[in-house]
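Me: Please take a close look at the salt bridges in this structure, and at one residue that takes part in them. After that, place that part in its surroundings.

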Amino acid sequence: MADEKYKTLEVVEKNPKSGVFHLYLNRPRQRNALTHDFFTEFPKALYALDHNRDVNVIVLSGAGDHFCSGIDISQLKSISQSYHDAGESLRRQILAMQDSITALERCRKPVIASIHGACIGGAIDIVTACDLRYCTEDAFFSVKEVDLALAADLGTLQRLPLIVGYGNAMELALTARRFSGSEAKQLGLVSRAFPSKDDLDQAVSVLAQEIAAKSPIAIMGTKTVLLKSRDLTVDQGLDFVATMNSARLLSSDLTEAVAAQLQKRKPVFSKL
């Protein structure tokens, strides 16, 4: 799995048998700017990780000095020239790029965004589709699209308000201002901001391993219910989780979790 070769990504299993796999945006010389190859490879990589039984948690980060500087400007220029006066073709291209980002939510395994350096434009689309977000205090963020005469169209305007609130999202999107990792924590965009990248890497590694040690069926079920309930009423969400758990409560993981509690030992859960 870790030997898969991509042009824009790298998959690494740092600690064998931990259940934690690292997915790197891997164009460090270009600040991991997003190209056409990325939008093709990203959903494929996530699909492969999702269907690998050894993977319980995915950590998404950027190689080099930055997480991601957004969509490569040359890519935007190419799209503009290729699709001039061809609105429906451009619409299909945008929908395909949106689907590449939504692959983060389709992935049953939890994805943790570990952010340092720049997180700009399309990078905000990516991290808002992740399940957990952590950063360094000196990381910097910007919903940059209005400065390029665009409305962000890959998910930021839909997901960011649910994370930081409508008013904060509107202000960030209309001004395109840069804000720090410390402010991202205050806004609720990230769960924690750390003094250094080493501190970030260590904390995310511990967190990922803690989650990976839990029942995969419980972790995947929790992610599924939270994402599904986002678009449902409370009553609909309760009905959904009741239906899902009526099948999953019969799993061997429940029996193992109870036995481990009684025997005061670590549980050994089934792979999915």
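Reply: This is a predicted model. A search of the whole structure finds twelve salt bridges. One of them joins the side chains of Glu-105 and Arg-159, with N and O 2.9 Å apart. Glu-105 belongs to helix α3 (residues 87-106) and Arg-159 to helix α5 (residues 156-164), so this pair ties together parts that are 54 residues apart in sequence. Both ends are covered: Glu-105 is buried, and Arg-159 is buried as well. The cut-off behind that word is a relative accessible area under 20%.

Glu-105 also meets a second partner. Its side chain forms a salt bridge with that of Arg-230, at 3.0 Å from N to O.

Two further salt bridges can be set beside these. Asp-147 pairs with Lys-144, and their closest N and O atoms are 3.1 Å apart. Asp-147 has a relative accessibility of 47%, so it counts as partly exposed. Lys-144 has a relative accessible area of 35%, and is therefore partly exposed. The side chains of Glu-183 and Arg-177 meet at 2.5 Å, N to O. With 27% relative accessibility, Arg-177 counts as partly exposed. Returning to Glu-105, salt bridges with shared partners join Glu-105, Arg-159, Arg-230 and Asp-231 into one network.

The domains come next. The domain assignment of the protein gives domain 1 as 9-213 and domain 2 as 216-263. The C-alpha centres of domain 1 and domain 2 are 27 Å apart. Twelve residues from domain 1 and six residues from domain 2 make up the contact. The size of an interface is often given as the accessible area lost when the parts come together. Between domain 1 and domain 2 the buried area is about 740 Å², and carbon and sulfur atoms give 63% of it. On the side of domain 1, Glu-105, Arg-108 and Leu-162 supply 50% of the area buried against domain 2, more than any other three residues. Two salt bridges are counted between domain 1 and domain 2.

The strands complete the surroundings. Strands of a sheet pair through backbone hydrogen bonds, either parallel or antiparallel. Strand β1 (residues 9-12) pairs with β2 in the antiparallel sense, over four bridges. In this pairing Val-12 stands opposite His-22 of β2. On β3 (residues 57-62), β2 has a parallel partner, and six bridges link the two strands. Here Val-20 stands opposite Val-57 in β3. Between β2 and β3 the chain passes through helix α1 (residues 36-50), and this β-α-β crossover is right-handed. His-22 also has an opposite residue in β3, namely Val-59.

In a regular strand the side chains alternate between the two faces of the sheet. In β2 (residues 20-25), six of six residues are buried. Val-20, His-22 and Tyr-24 lie on one side and Phe-21, Leu-23 and Leu-25 on the other, and both faces are covered. Strand β3 is mostly covered too, with six of its six residues buried. Val-57, Val-59 and Ser-61 point one way from β3, while Ile-58, Leu-60 and Gly-62 point the other way, and all are buried. From β3, three bridges lead to strand β4 (residues 111-115), and these two strands run parallel. The bridge partner of Ile-58 in β4 is Val-111.

A further set of three strands forms an open sheet in the order β5-β7-β8, with mixed pairing. β5 (118-120) and β8 (179-180) are at the edges and have a single partner strand each, so one side of each is left without a neighbour in the sheet. Strand β7 (residues 140-142) pairs with β5 in the parallel sense over three bridges. One bridge places Ala-118 opposite its partner in β7, Phe-140.

To return to the residue picked out at the start, Glu-105 is buried, forms salt bridges with Arg-159 and with Arg-230, and is one of the three residues that supply 50% of the area domain 1 buries against domain 2.

Key. Residues numbered from 1 in each chain as written. Predicted model: local features only at pLDDT ≥ 70, side-chain atom pairs only at ≥ 80, totals over all residues. Heavy atoms only, no water. Buried < 20%, exposed > 50% of the residue type's maximum accessible area, 1.4 Å probe, protein only. Pairing = 2+ DSSP bridges. Right-handed = clockwise from strand over helix to strand, strands pointing away. Domains from an automatic or database assignment. Contact = heavy atoms within 4.5 Å. Buried area = accessible area lost by both parts, 1.4 Å probe. Salt bridge = Lys/Arg side-chain N within 4 Å of Asp/Glu carboxyl O.
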